[in-house]
Amino acid sequence: MSCASCAANIEKVLNRTEGVISASVNFPLEKAIVEFDSSRVSVREIIAAVQGIGYGAFVKTEAVEYEDREQISRDAEIRKQRNNLIIALVLGIPIGLGNMSMMFPFLSFVPDFLSNPIVLFILSTLVLLFPGRQFFCRDFQRI
């Protein structure tokens, strides 16, 4: 693009292309932002329309890579939190039952070793050290 009318021509062609919902061309940045219906038009067809009037066009891959990295990061965080929840539940349910069996004698199905304070201490420490460590690490970093 060499002038603002070039940008206007590209925008006009893009807006006339079937399947394009909206197109906005920024001349100083030499960038076009195109919102389109992927079931009616492909990226190749949009690029071909721009090239058909004598201008070059390509898809900026940085944005796609950034979104992929962000999605991968989110998925990893979700997986980590799910694993922490599972570990906390697996260790927390016996802790709760062991503590309640001392107070409520009708919980006779709970094994006696879960009522032992040392076993409860060890299980509680495991919950704090593994799934609960994220809370302590984040608070310690703020100090």
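**Figure 1. Confidence differs among the elements of this predicted model.** Helix α5 (residues 133–142) has the lowest mean pLDDT among the elements of the protein chain, at 73, and α4 has the highest, at 95. Here pLDDT is the predictor's confidence in each residue, from 0 to 100. The protein chain has a mean pLDDT of 87, and 90% of its residues reach 70 or more. Helices (H or I, at least four residues) and strands (E, at least two) are DSSP runs, numbered from the N terminus. In this predicted model, local features need pLDDT of at least 70 and side-chain atom pairs count only at pLDDT 80 or more, while totals for chains, interfaces and linings use all residues. Residues are numbered from 1 along each chain as its sequence is written, and side-chain values use heavy atoms, with hydrogens and water left out.

**Figure 2. Helix α4 and its start.** Helix α4 covers residues 117–129. The expected span of a helix is 1.5 Å times one less than its number of residues. For the 13 residues of α4 that gives 18 Å, and the end C-alpha atoms are 18 Å apart, so the two agree. At the start of α4, Asn116 places a side-chain oxygen within 3.1 Å of the backbone nitrogen of Ile118.

**Figure 3. The β1–β2 hairpin.** Strands β1 (residues 20–26) and β2 (residues 31–36) run antiparallel and are joined by six bridges. Two strands pair if DSSP finds at least two bridges between them. Ser22 has Glu35 in β2 as its bridge partner. Ala23 is bridged to Val34, also in β2. Four residues lie between the two strands. Glu30 sits in this loop. Its phi is near 55°, a positive value in a residue other than glycine. Is Glu30 buried or exposed? Glu30 counts as exposed, because its relative accessibility is 57%. The classes are buried, under 20% relative accessible area; exposed, over 50%; and partly exposed, in between (1.4 Å probe, protein chains only).

**Figure 4. Cys3 and Cys6.** A disulfide is a pair of cysteine sulfur atoms within 2.5 Å. By this rule the count is zero. Cys3 is in no disulfide, and its nearest cysteine sulfur, that of Cys6, is 3.4 Å away. Why is there no bond from Cys6? The closest cysteine sulfur, in Cys3, is 3.4 Å from that of Cys6, which is too far. Cys3 counts as partly exposed, at 29% relative accessibility. Cys6 is buried, with a relative accessible area of 8%.

**Figure 5. Thr17, between α1 and β1.** Thr17 lies in the loop that links α1 (4–16) to β1. Thr17 is buried, because its relative accessible area is 17%. The Thr17 side chain reaches the backbone oxygen of Val13 at 2.8 Å. Which residues does Thr17 contact, leaving aside neighbours within four places in sequence? They are Val41 and Ala49. Contact means heavy atoms within 4.5 Å.

**Figure 6. Gln134 in helix α5.** Gln134 counts as buried, at 10% relative accessibility. A polar contact of 2.7 Å joins its side chain to that of Gln81. Such a contact is a pair of N or O atoms within 3.5 Å; within protein, one must be able to donate a hydrogen and the other to accept it, and residues adjacent in sequence count only if both atoms are side-chain atoms. Not counting residues up to four places away in sequence, Gln134 touches Gln81 and Asn84.
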